[in-house]
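Open the model in your viewer and keep the selection tool at hand. This tour goes stop by stop: select, look, move on.

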Amino acid sequence: MRVLAAMSGGVDSSVAAARAVEAGHEVVGVHLALSQDPQAVRESSRGCCSLEDSADARRVCDKLGIPFYVWDFSDRFKQEVVEDFVDSYDRGETPNPCLRCNEKIKFAALLERGIALGFDAVVTGHYARITPDGYLRRAIDPRKDQSYVLGVLGAREIAHCMFPVGDTHKPQIRQEAAAHGFSTAAKPDSYDICFIPDGNTTAFLGSRIGTRPGMIVDGEGAPLREHEGVYGFTIGQRRGLDIKTPAADGRPRYVTDIDAATGTVTVGSHEDLSVRAIEADRLKYLHPGMDGEVECQVQVRAHGGLVACRARIDRGTDRMTLELRDPLYGVARGQAAVLYLPDAGGDIVLGSGTICGTRR
């Protein structure tokens with residue numbers, strides 16, 4: 001097959017490309033240029049899209065003897081990931097930009113161009129697997145599993161994906177990279193939001209949204225202090241609330257609700273974060289079982305655990321309701337709810353939705 005190897009400049013994509021070459025595929029390496037911001041040039045970058053990463057990716061491709069290209073998706077990235085991120089926070093949500101980047105750029109946009117150029121599949125260094133019948137499955141290494149962040153893809157994208165490192169534990173991947181002589185073998189994993197180089201999300205959002213004063217209130221609606229914008233808060237947040245008066249019971253306060261329309265941020269106890277039902281829209285269907293009423297498991301964070309639930313999926317309205325068997329805490333609108341089949345050991349992804357509401 002003719003395949004595009006998405007070269008992030010990290011160790012995982014390096015080994016994924018090497019394995020694709022060893023499997024006999026015709027491989028072309030592609031690094032995605034997602035930002036023209038000069039701050040993206042960072043020493044020891046912890047993002048995944050800097051010029052330093054591009055140079056690392058080129059060196060790996062040179063060692064493998066495969067062509068290397070840089071494709072500029074910066075305009076599309078700005079519109080579909082960065083602007084979506086800002087708009088989501090402005091609505092009082094807590095988005096995950098890496099999920100949206102996977103959905104809109106690293107697979108949809110890349111595949112769109114790759115298929116137009118005659119390529120059959122995209123190879124990435126994500127830790128996930130695809131079953132023989134074409135379904136997305138968790139990686140062997142539970143600590144590195146990325147099926148959650150891939151759960152926002154559609155069945156069409158999964159049909160054109162290859163995840164060569166999903167059947168291997170991370171330490172072995174580093175050993176394999178070292179055996180190839182890749183400079184990426186000891187490179188730290190990326191975890192920063194790549195378009196916020198200094199890591200100050202609140203300042204980044206404030207520079208784009210501006211000051212929009214509102215009030216922090218307690219569960220009874222009593223005002224506690226003014227704030228400069230709801231984008232500075234997330235559901236479940238405890239630190240940085242800067243509330244001078246302690247709670248009546250002396251226990252810590254958490255952000256329990258955000259109303260962007262009124263600028264109101266509500267705080268309460270940890271128990272007030274408890275959620276028993278989740279509403280989600282923008283559904284993605286990765287398995288035929290993603291329909292009607294389904295007993296399954298849900299994950300709402302990239303490194304969160306699974307909770308059993310009953311999903312009521314309405315393909316007509318493209319929405320679903322999840323009735324949780326056990327409560328979840330700190331669930332925010334804008335996050336992804338990814339469903340897994342319990343009869344496959346929680347390994348097989350049914351599909352996903354974007355959380356648009358919760359109930360206690």
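Why are F85 and Y89 in helix α3 separated by about one helical turn? They are four residues apart in that helix, and this spacing accounts for the turn between them. Bear in mind throughout that the model is predicted.

**Stop 1: the rings of F85 and Y89**

Show both side chains. A pair of aromatic rings is described by the distance of the centres and the angle of the planes. The structure holds seven aromatic pairs. In the pair of F85 and Y89, the ring centres are 5.1 Å apart and the planes meet at 65°, so the pair is edge-to-face. The cut-off for that label is an angle over 60 degrees.

**Stop 2: α3 against α8**

Keep F85 and Y89 selected and add helix α8, residues 201-209. The axes of α3 and α8 are 10 Å apart, at an angle of about 90°. The two helices are therefore roughly perpendicular to each other. Which residues make the contact? From α3, pick V82, F85, V86, Y89 and D90. From α8, pick T201, F204, L205, R208 and I209. Colour this contact by class: seven residues are nonpolar, one is polar and two are charged.

**Stop 3: α3 against α4**

Now select α3 in full, residues 74-90, together with α4, residues 97-116. Their axes lie 9 Å apart and the packing angle is about 160°. The pair is therefore roughly antiparallel. On the α3 side, the contact is made by R76, F77, E80, V81, D84 and F85. On the α4 side are P97, R100, C101, K104, I105, A109 and E112. By class, the contact of α3 with α4 has seven nonpolar residues, no polar ones and six charged ones. F85 is listed here, and F85 is also listed in the contact with α8. Look along the pair to see the handedness: the crossing of α3 and α4 is right-handed.

**Stop 4: α1 against α7**

Move to α1, residues 11-22, and α7, residues 170-180. The angle is about 65° and the axes are 9 Å apart. That makes α1 roughly perpendicular to α7. Here the crossing is left-handed. Select V11, D12, V15, A18, R19 and E22 in α1. They meet K170, I173, R174, E176, A177 and H180 in α7. How do the residues of this contact divide by class? Five are nonpolar, one is polar and six are charged.

**Stop 5: the sheet of five strands**

Switch to a cartoon view. Five strands form an open sheet with parallel pairing, in the order β3-β2-β1-β4-β7. Find the edges: β3 (68-72) and β7 (161-162) each pair on one side only. Then go inside the sheet. Strand β1, residues 2-6, runs parallel to β4, residues 121-123, with three bridges between them. To see one bridge, select A5 and its partner V123 in β4.

**Stop 6: the sheet of four strands**

Next comes an open sheet with mixed pairing, ordered β9-β8-β11-β10. Its edge strands are β9 and β10 (254-259), each pairing on one side only. From one strand to the next, the twist averages 25°.

Walk across the sheet pair by pair:

- β8 (214-217) and β9 (223-227) are antiparallel, with four bridges. G214 stands opposite H227.
- The hairpin of β8 and β9 has five residues between the strands, and G221 takes a positive phi near 90° there.
- β8 and β11 (264-268) are parallel, with three bridges. M215 has T264 as its bridge partner in β11.
- β10 and β11 are antiparallel, with five bridges. D257 has T266 as its bridge partner in β11.

**Stop 7: β12 and its partners**

Finish at strand β12, residues 274-285. How many bridges join β12 to β15? Seven join it to β15 (319-329), and these strands run antiparallel. Select V275 and its bridge partner L328 in β15. Then add β17, residues 348-359: β12 and β17 also pair in the antiparallel sense, over seven bridges. Here, select D281 and its partner T354 in β17.

Key:
Residues are numbered from 1 along each chain as its sequence is written. This is a predicted model: local features need pLDDT of at least 70, side-chain atom pairs count only at pLDDT 80 or more; totals for chains, interfaces and linings use all residues. Side-chain values use heavy atoms; hydrogens and water are left out. Two strands pair if DSSP finds at least two bridges between them. Axes are lines fitted to C-alpha atoms, for helices over the stretch in contact, and angles run from 0 to 180 degrees between N-to-C directions. Angles under 35 degrees count as roughly parallel, over 145 as roughly antiparallel, 65 to 115 as roughly perpendicular and the rest as oblique. A crossing is left-handed if the near helix is turned anticlockwise from the far one by less than a right angle, and right-handed if clockwise. Contact means heavy atoms within 4.5 Å. Ala, Val, Leu, Ile, Met, Phe, Trp, Tyr, Cys and Pro count as nonpolar, Asp, Glu, Lys and Arg as charged, and the others, Gly among them, as polar. Rings of Phe, Tyr and Trp (its six-membered ring) pair if their centres lie within 6.5 Å; planes under 30 degrees apart count as stacked, over 60 as edge-to-face and the rest as tilted.
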